[in-house]
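Trainee: I'm new to this one and don't know where to start. Please pick a single part, take me through it closely, and then show me what else is worth finding in the rest.

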Amino acid sequence: MAKKRPNQGKGTSGKGKQKSPSNGKTNVEQKHKQEEKIEEPQVIEETPAVVDFSGLSATQKKNLKRRLKKKNMDSNSQEGQGAGKQRKPLTKKEIEAMLPNDPMSKTRSEFLSKINSSLRGMLDLSVLPIEEVLSKKGEQERELNRLLSNISETLSKESSNLKKPPKHLSVNTICEQLRDFELASKDEEGYDEEFYQHLKELLVVASLYENYRNFQNQCNELRTRIERKLSINKELSQAAADSNKQKRLVNRVKGLKQDSSIDNDSVETKIFELPNNKGNLLDVLFGSSAKMAKNLEKKFGALVEKSTGNSVQITGLLKDIESCWESIRQLDFSSQETISLDPRVIKKLYSMTGNINLKSLQDELSIIINRMENSLTILGSPESTKAAVEIINKNSDISSNTVSISVSLIIAKALQFNFLPTVRSIEKETETSVRIQFGGKSREVSSLADISDSQHDSKILIFGKPDKCEVAKNKLSNLIKGLEVESIQADSKAVRKLFSPPGKYSSDDSNARISRSILDEFSKLRDSNKMGIVRIGSSVVLVGPASEIKKAKPNLLDLLERAQYTPLTKTIHRDQLRVLNHSRREKVEKEACVEISTHKRQEGRSVVIEVLGSEQAKAKAETLIDEVLTKEAHLETLELDSCTYDKLYGSQRSHLRKLTSNFPNVQVIQAEKKRNSISLLGSKEEVLKLKEKFLEFNRQTLESSSNETKEIIEIPSGKMGLIIGTKGSVLNEIRSKANCESINVPKNSSHVVLQGTEEQCTIARNLISEILSNSLSNSNTTTCSEQSGPHSNKISAPESLKFDEKCFPTLGGTISTF
């Protein structure tokens, strides 16, 4: 019988004593104990250790075999349990390696990149001035709505042809099952080849659906960004509209007050409720073209506008708002009167001038007169309507009394356009109405010779009481007798320019244009109330007192002479205006005493400069302009080869900086990208020297390009950042080591373009391959270190494969779709 195993807790300390067996058993048992103390090896050996049974008794051999057998069984069971416990779930990289390629991945990546680039390229309206927000908002809103539409259409199109896996089934679960199949042998019990192939098909469906869901989530994030930007733009545009509305209100108030120095913060807006016991004031204020409201605006310098309900909104200075509202409160239109009159009398009452005119009567009495066919309706307070009825009845009899004065066409025009304030003062003094009527042949007059034929064709009509009409006639006759007429014969084109100046874009003929300063001086002279200037054909007639005519005649002759000036035109390139800018042109204007204007042509990149002045002044201005163009704004345009153009404006423009380093005063402008052309702007001498350098560089580039090769290197997904580096540091290092500047990464691409000699391309290719291989080795090392522990065990396949079909309820059926 075998003896009991000793207590291992006392074996190492030496405190417990063991009983030594006889017959040579000690060495064997000690050897067996040492084997038991040894820990299990990290890798389980497949072949058992060979034990020497020589020198042992039968009982010792039997006991030793029994122990070894039990140890082997325990070891095998621990190995199976350890393998089951230590099997880790698949890592992300392992799952990605098992997934099939998605044919839509590249298309989706390009679509998302395009949407992102469009969003990044949009202006942030919040940093723009408030006046520019509204101009940019509409265009940006259309672009954002287009992006939203593209996202919706793309998602709808992809989801229509996509199969949907069971809800509870994930890609990770399928990959775990496939991993077990791959580790097992096909000859093992429970291995189902048909089930294995079905798992692969199911993995394709699940992975495609999961990729679509990821793509859908990214699209939803983009949609959220777009909708947020639309909301922000809407708020900014509303704020800009409110600000512009306030600015317009402030500008209107300044116009009414005729004071541009008014502080914007001092302009306020207040809303007042109209009283209901004084008639319909809202219709009175804003009916019939809002005449009453406009009259109040002119009187108090405050804007009167309709608000919500039966209220009115007044904008202006605080004191003006209070005065205007006080005037509105005092309005009373509770009374209405109707007068029946003959239509011809009503027409005369409206056509008369002075206090008898019905329009002026409305303003004077604060009433409203509505004209019907045979009657007049008067709205106002009881007192004002009664006074208006009395005045109208009184003047309806007077309107039949008329006195006329026959005058020449020149006098009639002078009275109408230059002496009308004097005529109106006579009306008020005599309580009459004066109307100037031009003769029927007035439009046929084309020269001074025609005036005699229509001398008595024009009339001055006076309406009122007979005695007062005579007084007004005498005063007007005295005014006419004090007027002298003097004519000046001038060039017909100069007269037409002064009296009918062409608009800025009214004529293509540059000779028809006239200086703005000449027009301003003529308008000031013509608008004088002391003298009249009348155009008769190609002649200019001065009408007024002799002293005023004598004073104004030299100025008019000077204006007529200056109006005959024809502009000097000079065509230059639009880029030359960078040097010949507004300040330079003003300097030339002051030195040469001329006026300079610019007109851009619709076609091409040319600009026309027009110089107005005397011949001597124009010659001096032309000399000054030519001097500026030669010394500082000489322009040369070069068409380069596409390779040269790419070298100049690629790779941080190092070649361009080298070529222009010695010419700091020369501007290099990209003229037309389609034609690969550039423009050189500066002094003529330096521009010509730099032009030679560019042509030489172009020739060298063409020669070297014949020996150059172009190569495209595809970069794995997610590795492009390693090639570019922080702020392009790695890419610049590759360029410097390969001595090749033409190494570029196109935008939103997964490849690198090499262009250079074969040796340069080889060096660059090797450097890129080295970076990628180092990255791959580092990632593999990291993966191995993650998977291996302090006691890494060999992972073997399980003894039998058991699949729970409850996890795959659709394996025997049809996969559901959208």
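Mentor: Let's start with a pair of strands: β7 and strand β9, residues 458-463, run antiparallel to each other and are joined over six bridges. Keep in mind as you look that this is a predicted model. To get your bearings on the pair, find Thr402, which stands opposite Phe463 in β9.

Now add the third strand. The sheet is open, its three strands come in the order β7-β9-β8, and the pairing is antiparallel. The edges are taken by β7 (402-407) and β8 (433-437); each of them has a single partner strand, so one side of each has no neighbour in the sheet. From one strand to the next, the twist averages 20°. As for what holds such an arrangement together, strands of a sheet pair through backbone hydrogen bonds, and they can do that in parallel or antiparallel fashion.

Next, look at what covers these strands. Helix α16, residues 466-481, lies across β7, β8 and β9, and runs at about 15° to β7.

That brings us to the packing. Which residues of the largest nonpolar core touch the most other members? They are Val407, Ile411, Leu415, Ile460, Ile462, Leu476 and Val543, out of 25 residues in that core. The strands we began with are part of it: β7, β8 and β9 each supply at least two residues, and so does α16. The same goes for α14 (409-417), α15 (420-430), β11 (532-536) and β12 (539-544). In soluble globular proteins, nonpolar side chains tend to be buried together. Apart from this core lies another one, made of 23 residues, including Phe272, Val284, Ile321 and Phe333.

With that part in hand, you can read another sheet in the same way. This open sheet of three strands has the order β4-β6-β5, again with antiparallel pairing. Its edge strands are β4 (335-340) and β5 (368-371), and each pairs on one side only. Here, too, the twist averages 20° between one strand and the next. Four bridges link β5 to strand β6, residues 375-380, in the antiparallel sense. To find the register, look for Asn370, whose bridge partner in β6 is Thr377.

There's also a hairpin to trace. Strand β2, residues 303-306, runs antiparallel to β3, and four bridges join them. Leu303 has Thr315 in β3 as its bridge partner. Four residues sit between the two strands of the hairpin, and Gly309 takes a positive phi near 65° there.

For a change from strands, go to helix α5, residues 130-160, where you'll find Ser159. Is Ser159 buried or exposed? Its relative accessibility is 19%, so Ser159 counts as buried. A polar atom of the Ser159 side chain lies 3.0 Å from the backbone oxygen of Leu155, and the Ser159 side chain also reaches the backbone oxygen of Ser156, at 3.1 Å. Gln140 is in α5 as well. With 7% relative accessibility, Gln140 counts as buried too. Setting aside neighbours within four places in sequence, Gln140 is in contact with Met122, Leu123, Leu125, Lys229 and Asn233.

Compare that with Asn555 in helix α19, residues 546-563. Asn555 is partly exposed, having a relative accessible area of 44%. The C-alpha atoms of Asn555 and Phe522 are 8.8 Å apart, while the two residues are 33 residues apart along the chain.

Finally, step back to the whole protein. There are 27 helices and 21 strands, and buried residues make up 36% of the 818 residues. Among contacts with a separation of 6 or more, 71% are between residues 24 or more positions apart.

And how confident is the predictor? The pLDDT averages 75 over the protein, and 76% of the residues score at least 70. Among the elements, strand β3 (residues 311-316), which you met in the hairpin, has the highest mean pLDDT, 90, whereas helix α1 (residues 26-37) has the lowest, 46. Over residues 31-51 the pLDDT is below 50, and this stretch has 16 contacts in the model beyond near neighbours in sequence. Residues 81-86 are also below 50, with three such contacts in the model.

Notes
Residues are numbered from 1 along each chain as its sequence is written. This is a predicted model: local features need pLDDT of at least 70, side-chain atom pairs count only at pLDDT 80 or more; totals for chains, interfaces and linings use all residues. Side-chain values use heavy atoms; hydrogens and water are left out. Two strands pair if DSSP finds at least two bridges between them. Axes are lines fitted to C-alpha atoms, for helices over the stretch in contact, and angles run from 0 to 180 degrees between N-to-C directions. Contact means heavy atoms within 4.5 Å. Buried means under 20% relative accessible area, exposed over 50%, partly exposed in between (1.4 Å probe, protein chains only). A polar contact is a pair of N or O atoms within 3.5 Å; within protein, one must be able to donate a hydrogen and the other to accept it, and residues adjacent in sequence count only if both atoms are side-chain atoms. pLDDT is the predictor's confidence in each residue, from 0 to 100. A nonpolar core is a set of buried Ala, Val, Leu, Ile, Met, Phe, Trp, Tyr and Cys residues joined through side-chain atoms within 4.5 Å.
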